[in-house]
Amino acid sequence: MLINDAFAQAAASTQDSSDLLSLLPMFGILVLFYFLLIRPQAKRAKEQKQMVEGLQRGDEVITNGGILGQVLNVSEAYVIIEIAPAIEVTALKSSVQTLLPKGTLKSIEPKGKTQKFKATKTTTASENSAAETTESHDTDAGNVEKK
């Protein structure tokens with residue numbers, strides 16, 4: 001038994017340098033992850049923090065929930081955002097996701113108004129056809145009375 005242990009110890013002492021070489025790819029992967037994942041994410045977080053700290057009255061923003069609006073008031077932790085005329089929402093400063101260029105909200109046309117307008121036109125057209133149908137029934141009824 002002592003001879004086998006002696007062989008195992010002798011083999012382990014020669015592999016110390018190869019153990020360090022086997023760890024080299026692992027260190028390479030860690031460096032790669034740092035430059036491809038960790039560093040860009042930290043940079044984005046820093047930019048986001050600067051943007052949130054720099055919010056001012058009149059800025060146009062998008063929140064994490066997708067609400068677009070104009071900043072009316074900025075406090076230490078909260079922002080009051082006007083999402084429509086006379087409609088204000090209080091949100092956390094940290095929930096502001098994007099700072100839009102000035103005038104962006106005016107250039108965005110809500111699709112809901114256009115669809116509602118089209119629905120009104122189709123309703124009007126169906127009312128006209130319904131009115132024509134009732135007129136034809138009235139004339140038919142008049143013809144029946146004349147007979």
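The legends below describe close-up views of a predicted model.

**Figure 1. Overview of the protein chain.**
The protein chain of this predicted model holds four helices and five strands. Read from the N terminus, the elements follow the order α-α-β-β-β-β-β-α-α. Of the 147 residues in the chain, 12% count as buried. Among contacts with a separation of 6 or more, 41% come from residues 24 or more positions apart.

**Figure 2. The open sheet and its edge strands.**
Five strands form an open sheet in the order β4-β3-β2-β1-β5, and the pairing is antiparallel. The edges are taken by β4 (87–92) and β5 (96–100); each has a single partner strand, so one side of each is left without a neighbour in the sheet. On average, and with direction ignored, neighbouring strands of this sheet are turned by 45 degrees against each other. As a general point, strands of a sheet pair through backbone hydrogen bonds, either parallel or antiparallel.

**Figure 3. Pairing of β3 with β4, and the loop between them.**
Six bridges join strand β3 (residues 78–84) to β4 in the antiparallel sense. Within this pairing, Ala-84 stands opposite Ile-87 of β4. The loop between β3 and β4 contains Ala-86. The phi angle of Ala-86 is near 65 degrees, a positive value in a residue other than glycine. For comparison, most residues other than glycine have a negative phi. Ala-86 is also exposed, because its relative accessibility of 77% is over the 50% cut-off.

**Figure 4. Surroundings of Asp-59.**
Asp-59 sits in the loop between α2 (16–53) and β1 (60–63). Its relative accessible area is 10%, which is under 20%, so Asp-59 counts as buried. Leaving aside residues up to four places away in sequence, Asp-59 touches Gly-54, Gly-69, Gln-70, Val-71, Leu-99 and Lys-102. With Lys-102 there is a polar contact between the two side chains, at 3.4 Å.

**Figure 5. The salt bridge between Asp-59 and Lys-102.**
One salt bridge is found in a search of the whole structure. Its partners are the side chains of Asp-59 and Lys-102, with an N to O distance of 3.4 Å. Asp-59 belongs to the loop between α2 and β1, and Lys-102 to the loop between β5 and α3 (104–107), so the pair ties together parts that are 43 residues apart in sequence. The two residues fall into opposite classes of accessibility: Asp-59 is buried, at 10% relative accessible area, whereas Lys-102 is exposed, at 60%.

**Figure 6. The aromatic pair of Tyr-34 and Phe-35.**
A search of the whole structure finds one aromatic pair. The ring centres of Tyr-34 and Phe-35 are 5.2 Å apart and the ring planes stand at 80 degrees, so the pair is edge-to-face. This assignment follows because planes over 60 degrees apart count as edge-to-face. Tyr-34 is partly exposed, with a relative accessible area of 40%. Phe-35 is likewise partly exposed, at 47% relative accessibility.

**Figure 7. Gln-97 in edge strand β5.**
Gln-97 lies in strand β5, which stands at an edge of the sheet. At 40% relative accessibility, Gln-97 counts as partly exposed. Residues touched by Gln-97, not counting those up to four places away in sequence, are Gln-48, Met-51, Ile-62, Thr-63 and Asn-64. The C-alpha atom of Gln-97 is separated by 7.4 Å from that of Val-61, a residue 36 residues apart from Gln-97 along the chain.

**Figure 8. Thr-63 in strand β1.**
Thr-63 is placed in strand β1, which lies between β2 and β5 in the strand order. The relative accessible area of Thr-63 is 7%, and the residue is buried. Its contacts, leaving out residues up to four places away in sequence, are with Ile-81, Ser-95, Val-96 and Gln-97. The contact with Gln-97 links this view to the preceding legend, where Thr-63 is one of the residues that Gln-97 touches. Of this pair, Thr-63 is buried, while Gln-97 is partly exposed.

Conventions:
Residues numbered from 1 in each chain as written. Predicted model: local features only at pLDDT ≥ 70, side-chain atom pairs only at ≥ 80, totals over all residues. Heavy atoms only, no water. Pairing = 2+ DSSP bridges. Helix = DSSP H or I, 4+ residues; strand = E, 2+ residues; numbered from the N terminus. Axes fitted to C-alpha atoms, helices over the stretch in contact; angles between N-to-C directions. Buried < 20%, exposed > 50% of the residue type's maximum accessible area, 1.4 Å probe, protein only. Polar contact = N/O pair within 3.5 Å; in protein donor to acceptor, adjacent residues only side chain to side chain. Contact = heavy atoms within 4.5 Å. Salt bridge = Lys/Arg side-chain N within 4 Å of Asp/Glu carboxyl O. Phe/Tyr/Trp six-rings, centres within 6.5 Å; stacked < 30°, edge-to-face > 60°.
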